[in-house]
Amino acid sequence: MIANIAFYLFSFILLASAVMVVTSRNPVHAVLFLILGFVNAAVLFLLAGAEFLAFILAIVYVGAVAVLFLFVVMMLDVDFTALHEGFQRYAPVGALVAFIMFVELAFIAGNWAIAPAGSADRLFPTPDNVTNSVALGQLIYTSYLPLFQLSGVVLLVAMIGAIVLTHRDRQRSLHQNLAAQHARTPAQTLALVPAKLGEGASLPAKQPEKETL
């Protein structure tokens, strides 16, 4: 009885926080609601007997991913007024996509039925004499090893794509010319000034360039 009450309570909080993530105008508030949703999802994993997934969700997503999102949102100087200018123009397309998704979910929910023994098996997902972590490891690295490796490749490609898009060539970006740096003479580098303590270094006088034939 207590487990059922806790399940519905944390499920309601999870759904409410998910709605607030989408509808919040302030991105910082959206990330905070996302963290709340992750915490409630971890509690649901604990109720389902998957303590390993609950700890991974709390440590990795709440402790790393969501905090990273929060720092990125707070550090970036995003012009939200400019982002909201095109909302009315793209609203019909977004509404059409949302309608198609809701229709698909309605078809799935209409053909979905709960197994008679599903409520009893929900709290005991692991076999006898085997811990949750061992059962998960055996399942991933035996039956679903190709899919697990494929998901790692997809994440690697996404990471490489993000790095390439972030470090794309820009007109105002500065680049090093290694050949020019290696060809410098001592006269073209900084000269130390030992005259007074604390003055540091100064640039030498510009030398006239030699004419080449």
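This passage walks through the fold, the core, the surface patch and several individual residues of a predicted model.

The overall layout is a good place to start. The protein chain of this predicted model holds nine helices and two strands. Followed along the sequence, these elements run in the pattern α-α-α-α-α-α-α-α-α-β-β, with the helices coming before the strands. Of the 213 residues in the protein chain, 11% are buried. The accessible surface of the chain comes to about 18100 Å², and carbon and sulfur atoms supply 71% of that area. As for the range of the contacts, among those that join residues at least 6 apart in sequence, 50% link residues at least 24 apart.

The interior comes next. The largest nonpolar core consists of eight residues, namely Ile35, Phe38, Ala41, Ala42, Ala54, Leu57, Val62 and Ala66. Helices H2 and H3 are the elements that each give two or more residues to this core. Leucine 57, a member of the core, sits in helix H3. With a relative accessible area of 10%, leucine 57 is classed as buried, because that value falls under the 20% limit. Apart from its neighbours within four places in sequence, leucine 57 makes contact with Phe38, Ala41, Ala42, Phe45 and Val62. One of these partners, phenylalanine 38, lies 19 residues away along the chain, yet the two C-alpha atoms are separated by 6.9 Å.

Alanine 66 is another residue of the same core. When neighbours within four places in sequence are set aside, its contacts are Val31, Ile35, Phe38 and Tyr61. Phe38 therefore appears in the contact lists of both alanine 66 and leucine 57, since each list, drawn up with a 4.5 Å limit between heavy atoms, includes it. Beside alanine 66 in sequence, valine 65 is also placed in helix H3. Valine 65 has a relative accessibility of 26% and so counts as partly exposed. Its C-alpha atom is 9.4 Å from that of isoleucine 35, a residue 30 positions away along the chain.

On the outside, helices H2 and H3 come up again. Phe45, Leu46, Phe52, Leu53, Phe55, Ile56, Ile59, Val60 and Tyr61 make up a nonpolar surface patch, with a combined accessible area of about 770 Å². Helix H2, spanning 27–47, and helix H3, spanning 51–75, each contribute at least two residues to the patch. The largest share, seven residues, belongs to H3. Isoleucine 56 is one of the patch residues and is carried by helix H3. Its relative accessible area of 35% makes isoleucine 56 partly exposed, because this value lies between the limits of 20% and 50%. Two residues of the patch also turn up among the contacts of core residues: Phe45 touches leucine 57, and Tyr61 touches alanine 66.

Two serines help to describe the region around helices H1 and H2. Serine 17 belongs to helix H1, which covers residues 2–23. At a relative accessibility of 3%, serine 17 is buried. Beyond residues up to four places away in sequence, serine 17 touches Phe33, Leu36 and Gly37. Leucine 32 is 15 residues from serine 17 in sequence, and their C-alpha atoms are 9.0 Å apart in space. Serine 24, by contrast, is located in the loop between H1 and H2. Serine 24 is buried as well, with a relative accessibility of 18%. Its side chain reaches the backbone oxygen of methionine 20 at a distance of 2.3 Å. With residues up to four places away in sequence left out, serine 24 touches His29, Ala30 and Phe33. Phe33 is thus a contact of serine 24 and also of serine 17.

Further along the chain, isoleucine 140 offers one last local view. Isoleucine 140 is part of helix H7, which covers residues 132–143. Its relative accessible area of 23% places isoleucine 140 in the partly exposed class. Outside the range of four places in sequence, isoleucine 140 touches Leu145 and Phe148.

Conventions:
Residues are numbered from 1 along each chain as its sequence is written. This is a predicted model: local features need pLDDT of at least 70, side-chain atom pairs count only at pLDDT 80 or more; totals for chains, interfaces and linings use all residues. Side-chain values use heavy atoms; hydrogens and water are left out. Patches are made of residues with over 30% relative accessible area and no salt bridge: like charges are joined within 9 Å, nonpolar side chains (Val, Leu, Ile, Met, Phe, Trp, Tyr) within 5 Å. Accessible areas come from the Shrake-Rupley method with a 1.4 Å probe; for residues, only the protein chains shown count as cover. A salt bridge is a side-chain nitrogen of Lys or Arg within 4 Å of a carboxyl oxygen of Asp or Glu. Helices (H or I, at least four residues) and strands (E, at least two) are DSSP runs, numbered from the N terminus. Buried means under 20% relative accessible area, exposed over 50%, partly exposed in between (1.4 Å probe, protein chains only). A polar contact is a pair of N or O atoms within 3.5 Å; within protein, one must be able to donate a hydrogen and the other to accept it, and residues adjacent in sequence count only if both atoms are side-chain atoms. A nonpolar core is a set of buried Ala, Val, Leu, Ile, Met, Phe, Trp, Tyr and Cys residues joined through side-chain atoms within 4.5 Å.
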